[in-house]
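Student: Before we discuss anything, could you put the sequence and the structure in front of us?

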Amino acid sequence: MEALMDLGGGFSTALTPNNLMMCFLGVFLGQLVGVLPGIGPSAAIALLLPLTFGSDPTASLIMFAGIYYGAQYGGTITSVLISVPGESSTVMTSIDGYQMAIKGRAGAALGIAAIGSFIAGTISTLGLTLLAPPLAQAALAFGPPEYFALVVLGLVALAAVSGRSVLKGVAAGVAGLLLATIGIDPQSGVSRFDFGMVWLLDGIEFIVLTVALFGVGEVLASCTAASARPVAEVKNVLPTREDWRRSRMPILRGSVVGFLVGVLPGTGATIASFIAYIMEKKLSRHPEEFGKGAIEGVAGPESSNNAAAAGALVPMLALGVPGSGTTAIILGALIMFGLRPGPELFTQNATLVWAVIASMYIGNLLLLIMNLPLAGVFARLLKVPYKWLYPPILAICLVGVFSQANSLEDCWLVVGFGAIGWGMKRFDWPAAPMVLGLVLGPMFESSLRQSLTMSHGTAFIFINRPIAAALMLAAVLFIAIPVIAGLLASRPRPASAGEAP
Amino acid sequence: MKHRLLTGDMGFAVGWALLGLYWMVGAFDYPLWSGFAPDSGFLPLVYGTLLFLLSVAVALSLWFGEAEEEEREPLTKSLLVLAALVVVVASLGFIGFLLPVFGLMMFIYLYVEKLPLLRSAVVAGLVTASLALVFVHWLSIPLPLVTWDF
């Protein structure tokens, strides 16, 4: 009940003209970057960070959240019309969505995706409203050992699922932590790894690394494949009664699954959409239609990825542990605005948190309104070749990074880290854990020091306290399960077992 | 076996390993422990060691693992764009921000992408003007300026 009253307060903040405009701008930009090739929500938020520096944090975070969940809608359009998922979370949509487009039913696929996304987004935002506050309340009892364990869990969870290799993910996270040690040690005042350069005393800014990896690095990796593709026509976006009958339950199931998967740290929308697709295929009376244009194959994954986007905000807002790469960047933005992510956010910055949550209800409604009549208009954007888009993106990266500290050295850093980001993309090293490592590095170091001071130097404090121990165990499982699964999969099978006659 | 040593993948992993090694060695310039808690050098030593070991493990898995026959995009275009970025950043301090940024876009449109001159000039001009409007006039960011920036 208290949550609903707080939500009411959140609506009164979110419905002010300025915040409403930022919400619209966020979902519009999210939709746009979801449609446009070579730029995702992470890059869009990274590019906009310098513009929001010094502005109202509530309005900025409303916009960032809008970009995050709006991109899930936009990614669907590319998946259905050209079979190129705009986001990794819309990969499953492209299977049946594109088949529907080939059969002349692109409009119905986009329509059911928009309606499903709206329902799922609303249900999962309700879940966020009800689940995040008690979780944050419970986490208020956290001391330094629990915070330390939480940071370990957040880093490990994101690193373990970000790329194809757990090893590379963890290494990227450690590289981020390592970069966080550059500059003055806040406890001892000693300058570390500054290479004799005064401008490195403040360390490497989160914006610089984010813009470099997700802006410049992404462009350098994508500019070689900057070609246009034929786009299917969009007609009749309103689904028929039969479409709606077949999609009702997949939408509801996708909403629940997506939210639950999204809440788990490190999983996010992509895994949620995979699970939803497989589940719908298993439950369907006509599994043979999947892959040939089954509307359930669009409704389930689409609902699921939108629900997961809101679900991923639960651990981010309540615990300060991001559920995905994009929420890791939003977490960095919170720190940039001088806020401390984690359970205290709900008590010390309640107005901001509830305004962001309320804006998600409004944003989902705006997206539904935009998507049903304007799906065809957004589809036309697909005809803009990437070769016209990426030079302005580079220009914005340079000017944006300079503007946050008026430093030409930051421009050099953005080019250097951009080259590294290109290499990471090329050789499948995930970039999100590196950004998260840089963001959480100071908290990791201070909580470790405080914990060990409390325990007189013994590391048993992380095992003796039940919450810290549980979080550490979860972190170990995140690493161990994929490694063991990989080892089991690589074991040669006995010749007689499991072979078809 | 030799070709596996010379891949970009391997070079990238070795690069990370060297960075880890540098941090490991550099950490000894700072005190490692003070009282009950780690001092300034402790975590850099831990991070450096971890990065070194993990990167070596990646390199070893590339060496001993099955070679992937994955086709990668050609490097030329990306390298040209990267070189253009280096030139632009090097020139920022001398000729201001807006001219190099305009030049960067024109170079990519005309030389790298071979797009029509007039349309390229219009797009590059509009983007540069928009950046000037937003950053210099609205946000009052002191971009390095020279007289012919405006």
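**Chain B, its contact with chain A, and the packing inside chain A**

Tutor: Since this is a predicted model, we should read every value as computed from it; of the 150 residues of chain B, 31% count as buried.

Student: Into which domains is chain B divided, and how far apart do their C-alpha centres lie?

Tutor: Chain B is divided into domain 1, covering residues 2-64, and domain 2, covering residues 76-149. Taking the C-alpha centres of domain 1 of chain B and domain 2 of chain B, the separation is 38 Å.

Student: Which pattern does chain B follow along the sequence?

Tutor: The elements to be placed in order are six helices and two strands. Read from the start of chain B, they follow the pattern α-α-β-β-α-α-α-α.

Student: Which helix of chain B gives the most to the side that touches chain A?

Tutor: The contact takes 52 residues from chain B and 45 residues from chain A. On the side of chain B that touches chain A, the elements that each supply at least two residues include helix 2 (8-27), strand 2 (37-38) and helix 3 (42-64). The residues on that side of chain B divide into 38 nonpolar, eight polar and six charged. With eleven residues, the element of chain B that gives the most to this side is helix 3.

Student: At what angle do helix 5 of chain A and helix 12 of chain A pack?

Tutor: Two packed helices are described by the angle between their axes and the distance between the axes. In helix 5 of chain A, residues including M92(A), I95(A) and M100(A) meet G297(A), V298(A), P301(A) and E302(A) in helix 12 of chain A, and the residues of this contact divide into five nonpolar, three polar and two charged. The crossing of the two helices is left-handed. For helix 5 (residues 91-102) and helix 12 (residues 296-311) of chain A, the axes are 8 Å apart and the angle is about 145 degrees.

Student: Is L413(A) buried or exposed?

Tutor: L413(A) lies in helix 18 (residues 408-426) of chain A, and, leaving aside neighbours within four places in sequence, L413(A) is in contact with I204(A), V208(A) and A212(A). The cut-off needed here is that a residue counts as buried if 20 or more other C-beta atoms lie within 10 Å of its own. Because L413(A) has 21 other C-beta atoms within 10 Å, L413(A) is buried.

Key:
Residues numbered from 1 in each chain as written. Chains lettered and ligands numbered in written order. Predicted model: local features only at pLDDT ≥ 70, side-chain atom pairs only at ≥ 80, totals over all residues. Domains from an automatic or database assignment. Helix = DSSP H or I, 4+ residues; strand = E, 2+ residues; numbered from the N terminus. Buried ≥ 20, exposed ≤ 12 C-beta atoms within 10 Å, placed from the backbone. Axes fitted to C-alpha atoms, helices over the stretch in contact; angles between N-to-C directions. Left-handed = near helix turned anticlockwise from the far one by under 90°. Contact = placed C-beta atoms within 7 Å. Nonpolar A, V, L, I, M, F, W, Y, C, P; charged D, E, K, R; others polar.
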